[in-house]
Amino acid sequence: MTTLADTRREYDFSSLSKKQLNQNPVEQMKLWLDQAKQAEFKDATCMTLSTTDKNGMPDSRIVLLKQIDESGFSWYTNYTSHKGQQLLHNPQACLLFYWRDADRQVKIQGQVEKLSTKEAEEYFHSRPLDSQFSAAASKQSQPIGSRKQLEDKLEQLKKTNANTVDRPESWGGYRLLPESFEFWQGRENRLHDRFTYTKDDSGKWLITRLQP
Ligand SMILES: Cc1cc2nc3c(=O)[nH]c(=O)nc-3n(C[C@H](O)[C@H](O)[C@H](O)COP(=O)(O)O)c2cc1C
């Protein structure tokens, strides 16, 4: 069996040049996401969301990207969860995408804002009913004694609500307003392609190649 130190593979799916990149990183991101979805990569819309707690300790978890619009990248969650509390203290975050089968990684940093109640309401009720019940029954990130207690809470909720469930006020979404991007394309022999997008004083995106 190979050891951890011996575990490696070549990255030879594709290459990336400045000429290929869209001037607008949001468009470039949409292109890579479309390619990941078209190739039917599992969890193509998964992203690692990193935040920091009030002591500056970093924390990370996966969430699902639900929308890209002119202003940013959105996901849904519970505002009272660990990430929700951390975003209250420090509304800056980092999103990280990794598409293994394309040897691609994208990092996006920026400020985070809450989505509107209307957006949260619409998305909540567009989800399968069972997912709505589960979200309503769970005080995300709070301790609970047993699986049974959780299932009992769900049963109770289902008894009192027939075919509809109200969105808990603590359930909603966030949008990250991008301030910088990095696109990474794995290359042969670890000589990877990396490009950052940062904004100049006039708000124009500048593209810079980084050493791997
Ligand atoms: C594939 C996958 C998708 C997930 N999608 C979400 C999501 O969209 N929203 C969410 O709140 N948690 C999602 N989770 C669960 C989170 O990773 C995390 O456990 C949860 O949000 C609690 O995080 P926190 O305690 O750091 O706030 C997902 C987990 C996985 C593995």
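These legends go with a set of close-up views of a predicted model.

**View 1. The whole chain, before we zoom in.**
Let's get our bearings. This protein chain has 212 residues, and 38% of them count as buried. It contains five helices and nine strands. If you walk along the sequence, you meet them in the pattern α-β-β-β-β-α-β-β-α-α-α-β-β-β. The C-alpha trace spans about 60 × 55 × 40 Å along its principal axes.

**View 2. Strand 7 and its partners.**
Here we follow strand 7, which covers residues 171-185. Is this strand mostly covered or uncovered? Mostly covered: of its 15 residues, 13 are buried. Strand 4 (residues 73-78) pairs with strand 7 in the antiparallel sense, with six bridges, and in this pairing asparagine 78 stands opposite tryptophan 171. Strand 6 (residues 104-114) also pairs with strand 7 in the antiparallel sense, over 11 bridges. To find your place there, look for glutamine 111, which stands opposite leucine 177. Then there's strand 8 (residues 193-199), which runs antiparallel to strand 7 and is joined to it by six bridges. In that pairing, phenylalanine 181 faces tyrosine 197 as its opposite residue.

**View 3. An aromatic pair that links a helix to a strand.**
The structure as a whole has 16 aromatic pairs, and this view picks out one of them, phenylalanine 124 with tryptophan 171. How is this pair arranged? It is edge-to-face, with 5.0 Å from centre to centre and 70 degrees between the planes. Phenylalanine 124 belongs to helix 3 (residues 117-126) and tryptophan 171 to strand 7, so the pair ties together parts that are 47 residues apart in sequence. Both of these residues are buried.

**View 4. A cluster of rings, and charges over ring faces.**
Eight names to look for here: Trp32, Phe73, Phe97, Trp99, Phe181, Phe183, Tyr197 and Trp205 form one aromatic cluster. Now check out tryptophan 32, because arginine 104 lies over the face of its ring, 4.2 Å from the ring centre. Tyrosine 79 has a charged visitor too: lysine 114 lies over its face, at 4.1 Å from the ring centre.

**View 5. Two cysteines that don't bond.**
A disulfide is a covalent bond between the sulfur atoms of two cysteines. How many disulfides does this structure hold? Zero. Why is cysteine 46 not bonded to cysteine 94? The sulfur of cysteine 46 is 15 Å from that of cysteine 94, its closest cysteine sulfur, and that's too far for a bond. For scale, the cut-off for a disulfide is a pair of sulfur atoms within 2.5 Å. Seen from the other end, cysteine 94 is in no disulfide either, as its nearest cysteine sulfur belongs to cysteine 46. Cysteine 46 counts as buried because its relative accessibility is 17%, and cysteine 94 is buried with a relative accessible area of 18%.

**View 6. The largest pocket.**
Last stop: the largest pocket, which holds about 300 Å³ of space. Its lining is made of 15 residues, and the ones nearest its centre are Tyr76, Thr77, Arg127, Gln140 and Trp171. Which elements each supply at least two residues of the lining? They are strand 2 (58-64), strand 4 and helix 4 (129-137). Strand 4 gives the largest share, with four residues.

Terms used:
Residues are numbered from 1 along each chain as its sequence is written. This is a predicted model: local features need pLDDT of at least 70, side-chain atom pairs count only at pLDDT 80 or more; totals for chains, interfaces and linings use all residues. Side-chain values use heavy atoms; hydrogens and water are left out. Buried means under 20% relative accessible area, exposed over 50%, partly exposed in between (1.4 Å probe, protein chains only). Two strands pair if DSSP finds at least two bridges between them. Rings of Phe, Tyr and Trp (its six-membered ring) pair if their centres lie within 6.5 Å; planes under 30 degrees apart count as stacked, over 60 as edge-to-face and the rest as tilted. A charge sits over a ring if NZ of Lys or CZ of Arg is within 6 Å of the ring centre and within 35 degrees of the ring normal. On a 1 Å grid over the protein atoms alone, a cavity is a set of points where a 1.4 Å probe fits but cannot get out, and a pocket is an open set with protein on both sides within 12 Å along at least five of seven lines; lining residues have an atom within 4 Å of a point. Grid points are joined across faces, edges and corners, and a volume is the space filled by probe spheres set on the points.
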